[in-house]
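This report walks through one protein chain, sheet by sheet and then residue by residue. Keep the viewer open and follow along.

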Amino acid sequence: MQATSKRHFLKAAAGLAATVGSWPAGTALAQTRRIVYVTPGLDLPFWRYLSKGVEATAKARGYACQTLDSRNSAQTQLKNVQDAIARGLAGIVISPTDSSTAPSVLQLASASKIPVVIADIGTNEGEYVSFISSDNHAGASDVGKALAAALKEKGWLDGSFGMSAISQARKNGQSRTQGFVEGMRAGGATGKQASLQQMQAYTSEETFRFTQDMLTANPDMRALFVQTDQPTIGALRAIKSARRQGQVLVAAFDGVPEFVGLLRSGELVVTGMQQPYLMGERSAEALFSHLEGRQPDKQITVPILAVTGKNIEQLLPTLKKTVFANEI
């Protein structure tokens, strides 16, 4: 986000805080058993799975929970939080649209004495109770190593590789890019990085176009890393459309149910599966721990599972709940 935009959102948050900050401290907490989960966009399965983990944990504690969709818009995110605070709530779990937009929300919540737990994306600054994340760097490094091993089997270690990346304004995006490249190099891949395209819409159609462009511009490209789940389907479709299937190896991050069959068939070499349902559970547990007077760890890390065709059957019973929220 540009500096002017950031100042705009901080100024807006300050104005909103002035409106609600006059409430007596603890009023919302004393009068409501309601929390909200603020998510970047429910069109991505990852965020839907995470929301289910938050909601299930809240229900088990006797709290109502509403998921608010920011639709990848910082303005919508801020308005959602403003409206939620105005209605009264005990706490917030948020996965911000990116790390630069989170401080505006944290400032608004702090002024209203509303505790916030951050799930997955992180923040550049601000006060929060706990940050629940995956080790994106280590997970992406494992993906890079697995992809390099597959390239080695083909004799393609010197082939170029591309990336369809999540926003590099997100701390997790930066970690995935760096970790993947380091993993590829550690695995012996010597080819150049052909291209890095940053997603904005996070759709399979967007990554379909990205992949088409990469394949056209880089006829020697042998590998592609797509940094989130559903867009990977678009990348695979673009490779088939270009008649390059079997010539470009694909790695992914996160997971959708379709990945199970793709890993089994070898169309997808590896994916670094975060465990979003488990992340949702851990995020809500941290919030309730705070509400009950305990102090959760400031940072809680949830493991990432490097899933391949060789270990998918062994891991599937775990993945069904912690990754796919029992949707398969």
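## Two sheets and their surroundings

Strand β10 (residues 270–273) pairs with β12 in the antiparallel sense, over four bridges. Within this pair, M273 stands opposite L305 of β12. The model is a predicted one.

Helix α6 (residues 136–154) packs on the sheet that holds these strands, touching β8 (221–226), β9 (249–253), β10 and β12. The direction of α6 makes about 165° with that of β9. Helix α10 (residues 258–265) lies across β9, β10 and β12. Its direction runs at about 145° to β10.

Now the sheet as a whole. It is open, and six strands form it in the order β7-β6-β8-β9-β10-β12. The pairing is mixed. At the edges are β7 (193–198) and β12 (305–308), each of which pairs on one side only. From one strand to the next, the twist averages 15°.

Another open sheet has six strands with parallel pairing, in the order β2-β1-β3-β4-β5-β11. Here the edge strands are β2 (64–69) and β11 (299–302), each paired on one side only. Neighbouring strands of this sheet are turned by 20° against each other on average, direction ignored. Strand β5 (residues 130–134) runs parallel to β11, and four bridges join the two. In this pair, I132 stands opposite I300 of β11.

A record adds an annotation. The unreviewed UniProt entry carries "domain: Periplasmic binding protein" over residues 35–294. In the model, the end C-alpha atoms of residues 35–294 lie 18 Å apart. This span is 48% helix and 20% strand.

## Helix α12 and its two sides

Which residues of helix α12 (residues 312–322) are buried? They are I312, L315, L316, L319 and T322. Seen down the axis of α12, these buried residues fall within an arc of 155°, so they line one face of the helix. The general rule for such a pattern is simple: an α-helix has 3.6 residues a turn, so residues three or four places apart point the same way.

The buried residues of α12 pack against α10, β10, α11 (276–291) and β12. Thus α10 meets the buried side of α12 and also lies across β10 and β12. On the face of α12 turned away from the buried side sit the exposed residues Q314 and P317.

## Two glutamines

Q77 lies in helix α4. Is Q77 buried or exposed? Its relative accessibility is 1%; Q77 therefore counts as buried, the cut-off being under 20%. A polar atom of the Q77 side chain lies 2.9 Å from the backbone nitrogen of T97. Leaving out residues up to four places away in sequence, Q77 touches V38, S70, I94, S95, P96, T97, T101 and V105. T97 is thus one of the residues that Q77 touches.

Q168 is found in a loop, between β6 (160–165) and α7 (171–186). A polar atom of the Q168 side chain lies 3.3 Å from the backbone oxygen of G173. Neighbours within four places in sequence aside, Q168 is in contact with G173, Q174, T177, L196, Q198 and Q227. The C-alpha atoms of Q168 and G293 are separated by 36 Å. Along the chain, these two residues are 125 residues apart.

## Positive phi outside glycine

Two residues are listed here with their phi and accessibility.

| Residue | Phi | Location | Relative accessibility |
|---|---|---|---|
| N72 | about 55° | loop between β2 and α4 (74–87) | 31%, partly exposed |
| A325 | near 55° | segment after α12 | 8%, buried |

N72 has its positive phi although it is not a glycine. Where does N72 lie? Its place is the loop between β2 and α4, and N72 is partly exposed. A325 is likewise a residue other than glycine with a positive phi. A325 follows α12, in the segment after that helix, and counts as buried.

Terms used. Residues numbered from 1 in each chain as written. Predicted model: local features only at pLDDT ≥ 70, side-chain atom pairs only at ≥ 80, totals over all residues. Heavy atoms only, no water. Contact = heavy atoms within 4.5 Å. Polar contact = N/O pair within 3.5 Å; in protein donor to acceptor, adjacent residues only side chain to side chain. UniProt positions renumbered as here; feature names shortened; annotations may be inferred. Pairing = 2+ DSSP bridges. Axes fitted to C-alpha atoms, helices over the stretch in contact; angles between N-to-C directions. Buried < 20%, exposed > 50% of the residue type's maximum accessible area, 1.4 Å probe, protein only. Arc of directions from axis to C-beta.
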